[in-house]
Amino acid sequence: MTEHERRVKAEQRERFDFAVIAGWIPSGERVLDLGCGDGRLLRYLSETRDVSGYGVEIDGDSVLGCIRNGVDVIQMDIECGLSGFEDRSFDHVIISQALQTMHATEGILNEMLRVADEAVVSFPNFAYRSNRAAIAAGRMPVSEDLPYDWFDTPNVRFFTIADFEDLCARLGIQIRERLAFDEAGRAVSDDPNLNGSLAFYRLGRVA
Amino acid sequence: MSSENSVGVVAAQRVRFASPLLLKSGAELPGFELVFETYGTLNAEHSNAVLVCHALSGSHHIAGHYADDPENVGWWDNLVGPGKPLDTRKFFVVGVNNLGGCYGSTGPLSVNPATGRRYGADFPMVTVEDWVAAQARLADHLGIATWAAVVGGSLGGMQALAWSMQLPQRIRHALVIASAPKLSAQNIAFNEVARQAIVSDPDFHAGHYAENGVIPTRGLRLARMVGHITYLSDSQMGEKFGRQLRHGAHNFSYDVDFEVESYLRYQGDKFARFFDANTYLMMTKALDYFDPAYEYDGNLAAALARAQASFFVASFSTDWRFAPARSREIVFALLHNRLRVAYAEIECDAGHDSFLLDDPHYHSLLRAYLENITV
């Protein structure tokens, strides 16, 4: 694959992710995107869903990217919580493929459901078939959704769909909807923990 | 800094406002003058004007230099100029010496029309809000109904914040840098030490030193030395001076032993030569009094409910005078009001004074934000 092809593919993949998330965000909402990178999801949501949103990001260059993209961003460390953000001050809070890069998993999930009534979470499923195959062959997996070598991955938490759902149950978090997709972007319904490469959740508090 | 991006030779202008100005303290100024400079060209729609507010010791001279004084380069010349982050090819930039200042605007050094003598200590106390009111008169004079942006660092950032609340229809963007929504007790304490240094100088004469033909230079010098410590970070001072000795040995005297002592004395002496003591007292009081939440039971979000501008807020990691947490107070009060805000916490070693430096990341942020402002 050439660099150009790789980039085109990554962009297609990204648009696909964005479209899945946007499908859960009604027009005109107020959203918070945690680990927002250079703000392209928020920009996409503001263009397609007319949302008003803020991003939260720790990395200085990404903050600069947000400002270049005209995206409102707050530079802070999510690992330390979301203190300062008021309870239920957003319609949706999103963490798109960033939860696995943070240590304070439980704290972040609890904080998300404090500042918004509903959270949208996406993450790569470590138990995806090809990842299992890599481990079985004695190698750390490198795949479409886990595209890093073990020595330079930003990921610090490696978990599966089954693990995540256990944690939600323990934290009293209600899974309102789950979508899983394989590496080709096809929706998976049969055994998502085996067949899903990327998982998306709509989460709320158990009433 | 490259001279080809300089605004070049500039000249200060002066305007007189004849109608009285009622100050926040209840006192009234019968009329006043402001000195200001402008850079770039006001466009036909008058939509590209940017006000740059100065901090404690700044002036209207932001960029460029004077024909007869080429060494006197503006205090924020690294920011303002053609092709610089605050690009004078796009924006019409205005710098003004605030009311009560000592660079030519009406202040303690001016003659009081009621007495025919210099105001000295009789100059009324002016506040950040009074400065905004005076700056608004200047905007009227220049035909600027709405600023594209008001920009300031430190006390200048407080003015940008005040603009957004006081005249919300007249400001589209506020850039509040290395600032705070109010001073802490520690901040006020440092200011009080500085003031006491000045008023306890035997040459102070209760503020009427000019009439006595003297200047309280010792007090001013001490005030500046104390202030300067709060502008720098511990790490930067350590890096710059450490425990370096001026004469290579411990002299067991009260003369300068350590380089940092020499540096502070130099800064103090330099400042005391040109800055007016009454202005310094008043500026520090303006800082102390600034607290927009005061009239709202300490609720900054309630104070900002009137604001409509979009905000850029930035702080510096080693700024302990106005630490990042102070900027976050502003950010979350803006969020409460669903106002647009971008907030950057910039890694920079230079403490509070970082906002005056041309750190590449800092300037990239400012450039990016300012480029997205439509005019």
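Which residues line the largest cavity? The legends below begin with that view and refer throughout to a predicted model.

**Figure 1. Lining of the largest cavity in the predicted model.** The lining is made up of Arg30(A), Gly84(A), Phe85(A), Glu86(A), Ser89(A), Phe90(A), Phe332(B), Leu335(B) and His336(B). By class, 4 of these lining residues are nonpolar, 3 are polar and 2 are charged. Helix α9 of chain B, which spans residues 324-336, makes the greatest contribution to the lining, with 3 residues. The space in the largest cavity amounts to about 60 Å³. Over the whole structure, the search returns 3 cavities of 30 Å³ or more.

**Figure 2. Interface of chain B and chain A.** Contacts across the interface involve 19 residues of chain B and 19 residues of chain A. The two chains bury about 1,700 Å² between them, and 55% of this area is on carbon and sulfur atoms. On the chain B side, the residues that lose the most area to chain A are Phe332(B), Leu335(B) and Tyr343(B), which together account for 29% of what that side buries. Phe332(B) and Leu335(B) also appear in the lining of the largest cavity.

**Figure 3. Salt bridge between Arg340(B) and Asp72(A).** The interface of chain B and chain A holds 1 salt bridge. In the pair formed by Arg340(B) and Asp72(A), the closest N and O atoms are 2.9 Å apart. Over all chains, the count of salt bridges comes to 28.

**Figure 4. Packing of helix α4 of chain A.** The helix covers residues 105-115, and its buried residues are Thr105(A), Ile108(A), Leu109(A), Glu111(A), Met112(A), Leu113(A) and Val115(A). In an α-helix there are 3.6 residues to a turn, so residues three or four places apart point the same way. The buried residues of α4(A) pack against several strands of chain A, namely β1 (30-34), β4 (90-96), β5 (116-124), β6 (173-181) and β7 (198-205), and against helix α6 (161-170).

**Figure 5. Salt bridge between Glu106(A) and Arg170(A).** The closest N and O atoms of this pair are 3.5 Å apart. Because Glu106(A) belongs to helix α4 of chain A and Arg170(A) to helix α6 of chain A, the salt bridge ties together parts that are 64 residues apart in sequence. Glu106(A) is partly exposed, at a relative accessible area of 36%, whereas Arg170(A) is exposed, at 59%.

**Figure 6. Salt bridge between Asp140(B) and Arg170(B).** The side chains of the two residues meet at 2.8 Å, N to O. Distant parts of the chain are linked by this pair, whose members are 30 residues apart: Asp140(B) is in helix α1 (residues 128-142) of chain B, and Arg170(B) is in the loop between α2 (155-166) and β12 (173-177) of chain B. Arg170(B) has a relative accessibility of 16% and therefore counts as buried, the limit being under 20%.

**Figure 7. Salt bridge between Asp269(B) and Arg221(B).** The N to O distance between these side chains is 2.4 Å. Asp269(B) lies in helix α6 (residues 259-274) of chain B and Arg221(B) in helix α4 (residues 217-231) of chain B, so parts that are 48 residues apart in sequence are tied together. Asp269(B) is partly exposed, with a relative accessibility of 33%, and Arg221(B) is partly exposed at 26%.

**Figure 8. Surroundings of Gln236(B) in helix α5 of chain B.** The helix comprises residues 234-240. With a relative accessibility of 15%, below the 20% limit, Gln236(B) counts as buried. When neighbours within four places in sequence are set aside, Gln236(B) is in contact with Asp349(B) and Ala350(B).

**Figure 9. Positive phi values at Gln97(A) and His46(B).** Gln97(A), a residue other than glycine, has a positive phi near 50 degrees. Gln97(A) sits in the loop between β4 and α4 of chain A and is partly exposed, with a relative accessible area of 24%. His46(B), likewise not a glycine, has a positive phi of about 60 degrees. The position of His46(B) is in the loop between β4 (32-39) and β5 (49-53) of chain B, where His46(B) is partly exposed at a relative accessible area of 33%.

Notes
Residues are numbered from 1 along each chain as its sequence is written. Chains are lettered from A and ligands numbered from 1 in the order in which they are written. This is a predicted model: local features need pLDDT of at least 70, side-chain atom pairs count only at pLDDT 80 or more; totals for chains, interfaces and linings use all residues. Side-chain values use heavy atoms; hydrogens and water are left out. Buried means under 20% relative accessible area, exposed over 50%, partly exposed in between (1.4 Å probe, protein chains only). Helices (H or I, at least four residues) and strands (E, at least two) are DSSP runs, numbered from the N terminus. Contact means heavy atoms within 4.5 Å. On a 1 Å grid over the protein atoms alone, a cavity is a set of points where a 1.4 Å probe fits but cannot get out, and a pocket is an open set with protein on both sides within 12 Å along at least five of seven lines; lining residues have an atom within 4 Å of a point. Grid points are joined across faces, edges and corners, and a volume is the space filled by probe spheres set on the points. Ala, Val, Leu, Ile, Met, Phe, Trp, Tyr, Cys and Pro count as nonpolar, Asp, Glu, Lys and Arg as charged, and the others, Gly among them, as polar. Buried area is the accessible area (1.4 Å probe) that two parts lose on being put together, summed over both. A salt bridge is a side-chain nitrogen of Lys or Arg within 4 Å of a carboxyl oxygen of Asp or Glu.
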